Amino acid sequence: MPLEPMLPSLEPRIAQLLARHTSASAHIDWSYHEFLPLEAYHAPSDRRPLSEVTYIAVETALLTEVNLPWYTAVLYEGLKNSMEPIQEFVRVWTSEEDQHSMLLETYLLLTDNGDHAERGKRRRAVVAGGFSHDLETPFEAMVYTAVQELATQAFYLCTANVCEGEDPILARALRRIAKDETRHYAFYRDVVKAHLEVDPEYVVPLAKAITQFRMPGRVIPDFKERSALLASEHVFGPEQFYQDVVEVVCSYWDVDNLAPALPEAQEALVQLQRYRAVLRRLAKHRSASAAVGSRSGGG
Ligand SMILES: [Fe+2]
Ligand SMILES: [Fe+2]
């Protein structure tokens, strides 16, 4: 029997996940102005501009966030026949995500970092480019979004670490955004987990969404160059993606102990484990060359 797009019997459980999220959100309600260096409005600041690498990391995060209208459109369209608590979550999620690009853009403007006109052009190019995907079912969308939220959280935390010495106010703002991404991740992650617990055959769409995952910022016109730079500077690359994202979700979803009965699902599990092994080797190789580089005084 083919898998259902999602399991309607899980609606009460998903409603509890939504309630958990909304009560946590009410508890830590925040506004983006609280994380901005507003004194820059009033007095010339002696703040130094961000380094090139930090600026690119922050701008990449911003250009990823500005495409929110399309992420919402894609989720709205893909989930419009799904359970109500999932649709409600997408609305709440959109309202929370909406602060992220505002905070980053306002920070860059207030602190006069980067070329504002160029950044504006890039923002418009990203949004005009839309967002396409090859997610075929609502469950795949849940897996993709869980991985994406965790990857975004990891990206923010890595960027916060590199900019701590340049501007602790910015590092604090990035960590604040990362907390939102963590809570968003928790919702999608637990929707996926609930399905796998009832029916491990969901490993088929799970494996597809994980192995085909690409960062949402891929629609930024020079995304490849940006990612290569941030990886070579060890801000965020395959090591972080493997360690902080793929292994975290696979461990939470207990992939090593899934025991599907159907041959197609068993094959999907094998493919997923192969993907993890390839990524593990790549991450190990990159960490080893980074260690050699730092011992010899290089990058
Ligand atoms: Fe975000
Ligand atoms: Fe997010």
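## A walk through the helices

Asp254 sits in the loop between H11 and H12. Since this is a predicted model, please take every value below as computed from its coordinates. Asp254 is not a glycine, yet its phi is positive, at about 55°. Is Asp254 buried or exposed? It counts as exposed, because it has 12 C-beta neighbours inside 10 Å, and a residue with 12 or fewer falls in that class.

A second residue with an unusual sign of phi for you to look up is His234, which lies in the loop between helix H10 (223–232) and H11. Its phi is near 60°, again a positive value in a residue other than glycine. His234 has 18 C-beta neighbours inside 10 Å and so counts as partly exposed. If you colour your view by backbone torsion, His234 and Asp254 are two places to check for positive phi.

From these loops, let us move to the core. The largest nonpolar core has 74 residues, and Val143, Ala146, Val147 and Val203 are those with the most contacts inside it. Which helix gives the most to this core? That is helix H7, residues 138–163, with 17 residues. As a general background, nonpolar side chains in soluble globular proteins tend to be buried together. Val143 is a good residue to centre your view on: leaving aside neighbours within four places in sequence, Val143 is in contact with Val192, Pro205, Leu206, Ala209 and Ile210.

Now follow H7 to its partners, starting with helix H8, residues 168–198. The axes of H7 and H8 are 8 Å apart, and the two helices pack at an angle of about 155°. How are they oriented to each other? H7 and H8 are roughly antiparallel, because their angle is over 145 degrees. Their crossing is left-handed. Sorted by class, the contact of H7 with H8 has 18 nonpolar residues, along with 7 polar and 4 charged ones.

Asp190 gives you a single residue to follow in H8. Across to Ala146, 44 residues apart from it along the chain, the C-alpha separation is 8.8 Å. Asp190 counts as partly exposed, because 19 C-beta neighbours lie inside 10 Å, while the cut-off for a buried residue is 20 or more. Ala146, the other end of that pair, is one of the residues with the most contacts inside the core.

Ala146 also leads to another partner of H7, since it is among the H7 residues that meet helix H11. H11 spans residues 238–252, and its axis lies 10 Å from that of H7, with a packing angle of about 145°. This crossing is right-handed. On the H7 side, Ala146, Val147, Leu150, Ala151, Ala154 and Cys158 take part; on the H11 side they meet Gln240, Phe241, Asp244, Val245, Val248 and Val249. By class, the contact of H7 with H11 has 10 nonpolar, 1 polar and 1 charged residues.

After H11 and the loop that holds Asp254 comes H12, a helix of residues 263–295 that includes Lys284. Lys284 has 13 C-beta neighbours inside 10 Å and therefore counts as partly exposed. The C-alpha atoms of Lys284 and Tyr242 are separated by 9.6 Å, although the two residues are 42 apart along the chain.

For another helix pair, turn to helix H3 (residues 52–65) and helix H5 (residues 84–110). Their axes are 9 Å apart and the angle between them is about 140°, so H3 and H5 are oblique to each other. The crossing of H3 and H5 is left-handed. Val58, Ala61, Leu62 and Glu65 in H3 meet Glu97, His100, Ser101, Leu104, Glu105 and Leu108 in H5. That contact has 5 nonpolar, 2 polar and 3 charged residues by class.

The last stop is Ala40, in helix H2 (residues 39–42). Which residues does Ala40 touch, not counting those up to four places away in sequence? They are Ser45, Leu110 and Thr111. Ala40 counts as partly exposed because 16 C-beta neighbours lie inside 10 Å. Its C-alpha atom and that of Glu11, 29 residues apart along the chain, are separated by 48 Å.

Methods: Residues numbered from 1 in each chain as written. Chains lettered and ligands numbered in written order. Predicted model: local features only at pLDDT ≥ 70, side-chain atom pairs only at ≥ 80, totals over all residues. Core = buried A, V, L, I, M, F, W, Y, C linked by C-beta atoms within 7 Å. Helix = DSSP H or I, 4+ residues; strand = E, 2+ residues; numbered from the N terminus. Contact = placed C-beta atoms within 7 Å. Axes fitted to C-alpha atoms, helices over the stretch in contact; angles between N-to-C directions. Parallel < 35°, antiparallel > 145°, perpendicular 65-115°, else oblique. Left-handed = near helix turned anticlockwise from the far one by under 90°. Nonpolar A, V, L, I, M, F, W, Y, C, P; charged D, E, K, R; others polar.
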